[in-house]
Amino acid sequence: MSTINPPKALLFDVFGTLVDWRTTVTHTLSTQAALALNSPSASVPTSVRLFASTISWPDFAQEWRDTYKTFTASQSSPSKKAQKNAFKTVDQHHHDSLVRLLAEHNLTGLWSADQLHAIAQIWHFIDPWLDTSPALHDLSKSFVLCTLSNGNVALLRDLAAHADLPFSRTLSSEHFGAYKPSPLVYNGAAEHLGLRNDQCALVAAHLGDLKAARDCGYQTIYVERLDEEDWEVEEVMAAKREGWVDMWIGLDDQKMSLGGLAEVRGRFAVGSGYVGGRGWGGLADQVKA
C-alpha cells in the first residue's frame with residue numbers, strides 16, 4: 001500500500017472491527033435474564049432460576065460468539081451437497097445456537113420463544129466503537145466504503161442504521177453462498193464493485209481474515225481491538241515481522257488518535273480532526289483523481 005497506488009475501496013469486517021459486540025451482547029443477556037427472573041408474570045422453573053443465578057453472562061456471550069466462528073469456518077468451503085441446500089444465514093445460526101447453549105447450561109425456559117427471537121436479534125443493534133462512525137464519515141469522502149462481513153444483509157443494514165455507519169455498498173457472504181475465509185467472498189466482492197482485487201483493501205481486527213484477503217490479492221489494514229484477535233501472540237508477532245499486513249494499527253498506535261479507525265483516517269490524511277500518527281499527504285486528492 002502506498003500513496004502512489006492507494007486502494008479505491010475500503011471493505012470492512014464488522015463484528016469486533018467496527019462494533020463492540022461483547023459489551024452489547026453481555027448487557028442484553030444479563031438485563032433480559034434479570035427481567036425474566038423478576039417478572040411476576042413469568043413462570044421460570046425453579047431449577048432454571050438456580051442455574052441462572054450462577055451463570056457468567058460474559059462467558060456465555062463469548063461462547064455464543066465462538067459458535068459463530070465455528071459455524072462460519074465450517075461453511076467457508078461448502079460441499080456441492082451443501083450448495084444445493086438453502087444457505088443458512090448468521091441470523092438463523094444465532095437463534096439456533098442460543099437455544100442450544102441455553103439447553104447446555106440448563107437454562108431452557110428462562111425466556112419464551114418470542115423473547116428468544118428478540119434476544120437473538122441483538123446482533124442487529126450492536127453499538128459501535130467510539131472511533132468508528134466519525135472516522136468512516138471522513139473516509140467516505142475519499143473511498144468507496146463497503147461491508148465485507150459474514151453477517152447477512154438484513155443484519156448489516158440494521159447495524160449500519162443503528163451505528164451510523166455510512167457505507168455506500170453492503171456486501172455479505174450471503175451474496176456469494178460461502179463464508180469468509182472462502183476466496184469466493186473476497187473475489188466476488190471485488191468483482192461486484194467492478195475493481196481489481198489489488199484496488200481493494202480489507203480492514204479487519206482479525207489476522208486470519210486479512211491473510212485470506214491477502215492471498216486473494218487484497219491490500220490489508222489491521223486494526224487491533226482489545227480481546228478480538230484469535231491468533232496466538234507468537235503468530236501475531238510473526239505476521240508483523242513478515243510484513244504482509246500493509247497498514248498495522250496496534251493498540252499502542254491508538255492512544256493519540258483516539259481509536260483504531262481514527263488512526264487509519266490519519267494515515268490516509270483524510271479529515272481535519274486527526275491528532276497523532278503519520279499522515280499520508282495528498283492521498284485524498286490522488287484517490288479522487
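A residue is termed buried when its relative accessible area is under 20%. The exercises below concern a predicted model.

**Exercise 1. Determine how far helix 7 (residues 132–139) is covered, and by which elements.**

Solution.
1. Of the eight residues of helix 7, six are buried, and the helix is therefore mostly covered under the cut-off of 20%.
2. The buried positions are Thr132, Ser133, Ala135, Leu136, Asp138 and Leu139.
3. The covering elements include strand 1 (9–12) and strand 2 (144–149), together with helix 8 (153–163) and helix 12 (260–267).

**Exercise 2. Identify the residues that touch the most other members of the largest nonpolar core, and describe the surroundings of Trp111.**

Solution.
1. The core has 57 residues, and Leu10, Trp64 and Trp111 touch the most other members.
2. Helix 3 (residues 57–74) supplies the largest share of this core, with six residues.
3. Beyond four places in sequence, Trp111 contacts Leu29, Gln32, Ala33, Ala36, Trp57, Leu102, Leu116 and Ile119.
4. Another core, of 27 residues, lies apart from the largest one; Leu11, Leu202, Ala212 and Tyr222 are among its members.

**Exercise 3. Establish which parts of the chain the salt bridges of Asp230 and Arg214 tie together.**

Solution.
1. The whole structure contains 14 salt bridges.
2. Asp230 pairs with Lys69 at 2.6 Å, N to O. Asp230 belongs to the loop between strand 5 (219–223) and helix 11 (233–242), whereas Lys69 belongs to helix 3, so this bridge ties together parts 161 residues apart in sequence.
3. Asp230 is partly exposed at 45% relative accessible area, and Lys69 is partly exposed at 22%.
4. Arg214 pairs with Asp246 at 2.8 Å, N to O. Because Arg214 lies in helix 10 and Asp246 in the loop between helix 11 and strand 6 (247–249), the pair ties together parts 32 residues apart in sequence.
5. A further bridge, between Asp215 and Lys211 (3.2 Å, N to O), has both partners in helix 10 (residues 207–215), four residues apart, or about one turn of the helix.

**Exercise 4. Decide whether Cys146 is in a disulfide or in none, and whether Cys146 is buried or exposed.**

Solution.
1. A disulfide requires two cysteine sulfur atoms within 2.5 Å.
2. The cysteine sulfur nearest to that of Cys146 belongs to Cys200, 8.4 Å away, and Cys146 is in no disulfide.
3. The structure as a whole holds zero disulfides.
4. Cys146 has 0% relative accessibility and is buried.

**Exercise 5. Assess the confidence of the model over residues 272–289.**

Solution.
1. The chain has a mean pLDDT of 89, with 88% of its residues at 70 or more.
2. Over residues 272–289, pLDDT stays under 50, although the model has 40 contacts beyond four places in sequence for this segment.
3. Predicted coordinates should not be read in detail where pLDDT is low.

Technical notes:
Residues numbered from 1 in each chain as written. Predicted model: local features only at pLDDT ≥ 70, side-chain atom pairs only at ≥ 80, totals over all residues. Heavy atoms only, no water. Core = buried A, V, L, I, M, F, W, Y, C linked by side-chain atoms within 4.5 Å. Buried < 20%, exposed > 50% of the residue type's maximum accessible area, 1.4 Å probe, protein only. Helix = DSSP H or I, 4+ residues; strand = E, 2+ residues; numbered from the N terminus. Contact = heavy atoms within 4.5 Å. pLDDT = per-residue confidence, 0-100. Salt bridge = Lys/Arg side-chain N within 4 Å of Asp/Glu carboxyl O.
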